[in-house]
Each structure stands twice: as structure tokens, then as C-alpha cells.
Amino acid sequence: MIRDITIGQYYPVDSVLHRLDPRLKLNGTLLFIISIFLFDYFYGYIAVTMFLVSIIMLSRVPLKFILRGLKPIIIILLFTTTFNLFLTQGDILVKLGFLKITKQGLHSALFMGLRLTYLILGSSLMTFTTTPNQLTDGLERLMWPLRRIKVPVHEIAMMMSIALRFIPILLEETDKIMKAQMARGADFESGGILKRAKGLVPLLVPLFVSAFRRANDLAMAMEARCYRGGEGRTKMKPLRYAGRDMIAYFILLLYFAGIIFISIYEKYFPYFDFI
Amino acid sequence: MIFLQIVFDHIDYIYSSGTSFEKHALKDINLKIEKGEFIGLIGHTGSGKSTLIQHMNGLIKATSGRIYYNGEDIYEKNYDMRSLRSKVGLVFQYPEHQLFETTVYKDVNFGPKNLGIDKLEADIRTYEALKMVGIGEDLLDASPFELSGGQKRRVAIAGILAMKPEVLVLDEPTAGLDPRGRDEILDQIASLHEESGITVILVTHSMEDVANYVDRILVMNRGSLVMDHEPREVFSRLKELEEIHLAAPQVTYVMHTLREKGFPVNTGVTTVDEAKNEIIKGLKL
Amino acid sequence: MEMIKVEDLAFEYIRRNEEGDVESINRAIDGVNLNVKKGDFIAIIGANGSGKSTLAKHINAILYPSEGTVWVNGLSTSKEENLWEIRRSAGMVFQNPDNQIIASVVEEDVGFGPENLGIPTDEIWERVEKSLEAVGMLEYREQSPNKLSGGQKQRVAIAGIMAMKPECIVLDEPTAMLDPEGRKEVVSTVHWLNKHENITVLLITHHMDEVINADKVFVMEKGKIVMQGTPREIFSRVDDIKRYRLDVPQVTELAYELKKAGLDIPEGILSTDELIRVLEKLRISQ
């Protein structure tokens with residue numbers, strides 16, 4: 001199960017997208033997410049889909065791998081769509097006993113589902129094509145002005161990148177401890193909430209002990225390598241916008257302007273006026 | 001009479017199937033283990049040793065094939081998996097990382113308590129198990145986190161022994177211990193095997209470790225069981241072992257080279273003592 | 001000049017109860033003197049809890065002496081202004097390979113040290129490439145450390161130290177969690193660096209076969225250095241070694257047993273080849 005989680009993973013291939021500046025990708029993801037919530041109509045979605053498909057193709061990450069990222073959220077996805085499908089008031093299309101599907105329900109279920117899917121795909125594409133370190137570097141630089149108001153930007157970025165590095169290790173460890181306690185007859189599956197919560201003690205205590213030990217070791221290893229905070233530190237991979245980033249920004253803005261145009265256009269000239 | 005305790009019948013295990021991460025972790029494993037055997041399981045990291053032993057107590061379910069415990073098919077619908085886990089006691093690598101209770105006693109008591117036996121019986125088993133691993137009564141109320149590395153490990157092993165398993169499987173029980181600590185743990189396991197007749201399966205990297213104790217060695221490579229013989233037979237196949245990145249004990253190398261140089265010595269030697277006797281015999285001729 | 005000089009070092013772990021009163025004092029290091037020349041390969045062996053890790057942490061100025069002095073490259077570790085220069089010149093590799101790799105990409109981890117030192121970007125890249133090459137991990141530079149074997153992770157950790165251009169590397173049981181193959185990888189990498197880059201090495205271990213090629217071996221017990229000498233000198237005293245909860249390589253033990261049984265065999269045999277040669281000579285003379 002744990003192996004199936006691909007959100008937040010980096011997929012190492014060489015593509016245009018991989019080489020772009022992380023700040024651009026962060027800003028781009030933000031714009032993309034805004035764009036999918038901008039309108040409710042058909043043309044807009046064609047535009048967004050076309051944009052997403054071309055980004056996926058540019059990323060050179062296999063489609064199968066990308067789609068696997070959707071697996072963990074499939075339940076949420078089904079839940080929201082069903083919820084929208086049956087509980088939206090409006091013009092009734094089909095009636096099955098007390099359940100009824102309305103035109104508005106169908107519309108919002110469809111677009112809600114698409115939005116969620118696109119949201120996950122868009123943001124996971126960013127993590128597939130950006131190493132966690134680049135990502136935190138990007139965030140650090142974007143948040144840099146906040147230092148003026150005493151936000152510890154460097155420390156936050158360092159904590160994030162360490163967290164990202166240790167998540168897979170701690171997940172594996174959880175799996176191992178769980179198995180070891182099951183071998184001692186521990187039961188993580190049956191019983192009521194209280195029994196289950198109590199049953200977690202044999203898992204959580206060793207996990208915390210180990211996490212603290214790792215944190216302690218890591219702090220020592222970092223100090224031994226002369227780490228003393230962000231002061232006077234240079235970067236191995238400093239962020240510098242290249243020509244391609246400027247082009248990408250231009251395309252992004254063009255896309256965003258196009259989307260805004262389409263959403264305004266559709267408001268006045270809806271394509272499917274039955275919706 | 002031969003009593004087959006564990007039988008692996010054409011076991012295959014594949015995980016993440018259908019994705020680019022697909023791995024064929026076990027390939028057609030056939031294995032018969034008799035009650036009371038002392039077995040060494042050896043293989044390079046990633047050869048499938050850990051996966052194999054987790055099949056023995058049902059923590060991992062095979063993709064195909066059957067496993068029988070005491071003649072019963074453990075994949076049968078109504079088979080009691082939890083009782084299997086108490087019968088096949090599995091001690092994981094660095095078992096001290098699983099300690100969690102406030103006292104040594106409570107921690108060891110966790111396993112037997114989970115069995116649903118009465119409290120007195122669970123208490124008796126706890127005391128016995130701690131005695132078996134040489135933890136004195138003065139440490140019963142100590143916090144397990146305050147013990148030394150070797151003591152922690154022994155407490156963790158006692159946690160499994162207290163469930164009175166019929167089979168004891170240990171994954172690298174000596175990892176990270178100093179030489180004396182290593183010998184102490186192995187000696188304790190050996191005497192446990194001798195006194196109680198429990199079946200022991202020792203997973204290890206170290207040929208020197210197994211040579212002194214076990215009477216049968218299983219060698220794994222890339223998910224397959226490639227050798228299943230008594231130690232001297234396994235160690236006589238130096239070339240094959242080297243091909244799969246394993247090495248025989250140093251003394252075996254000494255004996256093989258001596259033989260090549262024309263010394264009249266027996267090469268089927270696995271311990272320092274045996275080697276000494278062979279060399280003395282060979283030189284006196 | 002000595003690379004490392006330890007004089008009358010003592011270190012105490014003080015345990016206090018909730019009121020802050022001293023509950024117990026544990027003298028983890030008790031009067032240690034040690035000299036390491038530039039370019040030496042030194043091994044320190046000792047049972048668990050003998051104080052060898054505590055000693056190692058003093059050389060990297062992670063711990064400070066309770067008594068006595070430690071000099072690294074002529075700088076006393078007790079003076080705060082020397083701290084960063086000492087940590088740069090005496091890099092440290094720890095036991096658990098996972099808990100010392102900071103970045104999620106191999107090359108970025110190797111660059112971590114130089115980044116902290118404020119090295120210009122271009123030079124960081126040069127150093128990273130050279131260091132990864134020196135430990136034979138260049139082809140893995142863009143990989144995630146999680147996908148590497150234990151031995152490979154330790155080599156990345158060593159590269160991370162090398163990128164800081166140290167004069168000395170202290171390795172605190174770097175092989176304790178590795179399989180035999182990983183151990184071989186790490187030890188031969190360290191030997192290579194010692195020989196070709198003239199790095200002073202201080203290897204702490206309890207695998208006896210890893211120390212037979214060291215220039216000098218120190219044996220620790222209960223915070224004291226109880227034996228020192230060449231590997232041959234140390235391993236010819238099999239009984240002493242065993243008394244300190246340690247062991248000797250299997251061939252050494254075999255040779256020792258043969259000698260005890262009356263064969264004319266010299267003390268401190270360290271390798272299979274050596275023993276074979278001696279036995280051949282014996283046979284001819286008979």
C-alpha cells in the first residue's frame with residue numbers, strides 16, 4: 001500500500017519541464033490551479049485539458065506513473081462526485097426511487113471530479129519534475145521577502161527538505177514495526193475506537209523513539225559538516241532564471257489570459273445552453 | 001519418525017505487479033523443515049531471505065503456492081493466522097527497536113498477554129523467557145530504554161520466546177554487537193535449541209556464525225533457493241558461493257588452498273577446531 | 001606535526017535528577033593519550049560501551065573534554081573559535097547510513113558541506129564531482145539515496161566529507177549496519193583515500209578483519225587505551241584480545257591454535273596466504 005503513494009515523488013528523467021526553474025513551476029502550478037476554478041463551462045475545460053496534456057507530454061513522465069498518483073484519492077473522488085450527483089437541486093433528469101439526478105447535479109459532479117483530478121495531476125506533475133530540494137529552494141526564494149517580518153525562511157525550507165527526505169524512511173519503518181508487533185500478537189485491525197487507539201501504543205512509542213534518535217543523529221551529522229544556519233551559506237544549485245524560463249512565463253501568461261478570455265466569452269455565449 | 005513442521009510448496013511472491021516497480025521476490029520456493037532442526041539461512045542483501053521468513057508466520061501472503069504448518073494449509077479459509085504467529089516466533093532485525101513498555105517485565109509480557117491465556121500462565125512464561133536469555137531479576141522493573149545494546153536485544157528476543165513458539169526465526173540477531181556479545185547471543189540460542197528442542201532458523205550474513213552452530217544451510221540468491229545442504233557440503237562449493245557474492249569461512253579457504261598445494265587434508269572443514277586437527281594430521285603423515 | 005594529538009583526555013557523562021542534583025557520573029573516557037601522524041591509517045577497536053565513539057566525537061569537536069586537551073591539526077578543540085576549522089579538517093562518518101544523508105539527491109548531499117563553508121558555486125560542482133569519483137559513486141550522482149545499498153550510502157557520506165577537503169576522516173563504526181559486501185566496499189574506499197589522497201584515517205570498528213591493514217591499532221576498554229601496536233603485535237596476543245570482549249580473524253586464531261598444539265608457527269599471522277606459506281615451509285622442513 002505504502003509503495004503506491006506517488007504524490008510528492010520525484011521522477012528522474014531529463015525533460016524541458018525538469019530543467020525549468022522551480023519558482024516558475026511553483027507559480028505555474030498556482031496559476032493552473034486558479035485556472036481550473038475560474039469557470040464552469042465546456043470550452044474552458046478543453047483549453048485546460050489541452051494545456052495539461054501537453055505538459056504531461058513535455059514532462060516525459062510515463063502516464064501510468066502519473067495516474068497511479070490518483071489511486072489514493074479515488075475514494076475522495078468517488079465520494080465528492082456521488083455527493084454532487086445526487087444532492088444537487090435542480091431540473092430532474094432521472095429519478096430512481098428517492099434518488100434523483102438533476103441536470104445541475106450531473107454538471108457539477110462532472111466538473112468537480114475533473115477539477116479534483118486536474119488539481120492532483122497538476123500538482124503532482126510539479127513534484128514529479130522537481131526534486132524536493134529544488135522545490136524547497138524555490139519556496140525559500142519566493143518567501144525570501146518574508147524575512148523582513150522575522151519569518152525564519154531558511155529554517156523552514158531546511159525543515160521541509162529534511163522532512164521530505166525522511167518521509168519514505170519513516171513509512172518503511174512504520175511498516176516494519178507494525179509487522180514486528182504483529183509477530184508478538186498485536187492487533188491493529190479489530191475492536192472499537194478505544195481498543196484500536198490503545199492498540200497503537202506498541203507502534204507509536206517505538207516510532208517516536210526512532211524518530212527522535214534519527215533527529216538527534218542527523219543534527220549531529222549536520223553540525224559535523226559545519227552546518228550553522230543560513231548565514232554565509234552558498235548554494236550548489238543557485239536559482240537563476242534562464243531564457244527558457246522567460247519563454248515559459250510568457251506561455252503561462254498567454255495561457256492564463258486565454259483562459260480568462262474564454263471564461264468571459266462562455267459566460268455570455270454558453271455553448272451548451274441546456275447546462 | 002520424521003515430522004514435517006513447515007512445508008513450502010511452489011511459493012512465488014511478486015509485489016507491485018503490473019508497474020515498473022514490479023519485483024519477483026520469491027521464485028518457486030520448495031522447502032521442507034523438520035521439527036527440531038537448526039537451520040542457517042544465508043544470502044546477499046535483497047536475495048529474499050527476509051521475505052521468505054515473513055511467509056513462515058503469515059505476515060506476507062504468497063502470490064501463488066501453498067504453505068503447510070504441521071500438515072495444515074495456512075491459506076485455508078478458516079486457518080487461525082494469529083495462532084500461527086504465536087507458534088512461529090519471528091525476531092526481526094534490530095528487535096530492540098520494537099521495545100515500547102515502561103518496564104522490561106511488561107514488555108516481555110506483551111506477547112503472552114495477547115495470546116489470551118490466563119494471567120498466571122502469561123507471568124510464568126515471561127519469567128521463564130527472561131531467564132532463558134540471561135536477564136536477571138534485578139532488571140525486571142528497569143526501563144528497557146536504559147539497558148545496554150546487548151541487553152535490549154536479549155529482552156526483545158525474550159518477548160518472542162515468552163509466547164512459547166515451536167519455531168524460532170531470527171533475522172540477523174547479532175548485527176551491530178561486539179564479538180563477545182555476538183557469541184553470547186548465539187550460544188544462548190544454541191543451548192535453547194538443545195534443551196527445548198525448538199526448531200531454529202537463523203538468518204545471517206556471516207558464514208563464520210552459522211558454521212559453528214547449524215546443521216543445515218539454505219542459500220538464497222535473487223529470490224531462488226540455490227543450495228540446501230549440510231554446512232560442509234555448502235562450503236565446499238567455494239566458486240558457486242563467490243559467484244553470488246558470498247564467502248565461506250576463512251578456514252575453509254585455508255583448507256582448500258592446502259589441498260591444492262598437495263597437503264593430504266580434508267577440505268570439508270568449517271570450524272577452527274576441525275581445521276587445526278586436520279592440519280596436524282596432515283603434517284604428521 | 002601530528003594530525004591528532006590527545007593528551008590526558010577524560011570525559012564524564014553527568015546524569016542529573018529532576019532537581020538538578022548530580023545522580024551519577026559516568027567516566028566514559030578516562031585518561032587517554034593518543035598521537036596520530038599525518039597520513040596514518042589508525043584503527044580503534046573495543047567492545048560496545050568501551051568509549052571509542054565518545055573518543056571519536058571529541059576529534060570532531062562534537063564533545064568537549066572534561067579534562068585534558070585534544071588538538072586537531074594543531075588547534076585545540078576546547079577553543080570555540082577553532083570549531084569550524086576543526087570540523088572541516090576532520091570530517092566524521094557515522095554508523096547509521098540513513099541518518100547522515102541530508103539531501104534527497106546524492107550530489108546535493110555531497111554539496112551540503114561545501115555549501116555550509118560558503119564555497120563558490122562553480123567550485124562546489126568541481127568538488128562534488130571529484131569526491132564522488134574518488135569513492136566510485138559518480139554514476140549515481142542524480143539518484144535518490146533511498147535506492148542505494150548500505151555500502152553505497154556510506155560511500156556517499158564519505159564523499160560528502162571529502163568535498164570539504166579534509167586532512168583527516170574519522171569513521172565511527174561505519175560498517176556496523178552493513179552486509180559483508182558493503183563492509184568491503186567501505187573499507188577499501190577508505191584505504192584508497194588514505195593511499196592516494198593522503199587522508200589521515202581513524203577507523204573505529206569491531207570487525208577485526210577490517211583492521212589488519214591499518215598502520216596502528218588501539219584497543220579500548222572502559223574508557224582507557226589498553227593495548228596499542230601494529231595489527232601483528234595486537235593480534236599475536238589472542239588471549240588478551242579475547243579478554244577485552246574482542247576477537248581475532250579466524251586465520252589468526254587457527255595459527256595461534258596450531259602454535260599452541262606445538263607447531264613452529266610465528267605469532268600474529270594475519271592472512272590466509274601467510275599461513276599457507278608458513279605451513280608449506282613446515283612441511284618441507286619435516
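**Chain B fold and the A–C interface**

User: What share of the contacts in chain B with a separation of 6 or more comes from residues 24 or more positions apart?

Analyst: They account for 62%, where contact means heavy atoms within 4.5 Å. This is a predicted model, in which local features need pLDDT of at least 70 and side-chain atom pairs pLDDT 80 or more, while totals for chains, interfaces and linings use all residues. Residues are numbered from 1 along each chain as written, chains are lettered from A and ligands numbered from 1 in written order, and side-chain values use heavy atoms, without hydrogens or water.

User: Why is chain B called as compact as a globular protein of its length?

Analyst: Its radius of gyration (over C-alpha atoms) is 20 Å, close to the 19 Å from the globule rule for 285 residues, so the description fits. That rule is 2.2 Å times the number of residues to the power 0.38.

User: And how much of chain B is buried?

Analyst: Of its 285 residues, 56% count as buried, meaning under 20% relative accessible area with a 1.4 Å probe, protein chains only.

User: What makes A:Arg233 and C:Glu115 a salt bridge?

Analyst: Their side chains meet at 2.8 Å, N to O. The rule asks for a Lys or Arg side-chain nitrogen within 4 Å of an Asp or Glu carboxyl oxygen, so this pair qualifies. Across the interface of chain A and chain C, the rule finds six salt bridges.

User: Good! How many residues does each chain bring to that contact?

Analyst: Chain A brings 29 and chain C brings 39.

How values were computed: Buried means under 20% relative accessible area, exposed over 50%, partly exposed in between (1.4 Å probe, protein chains only).
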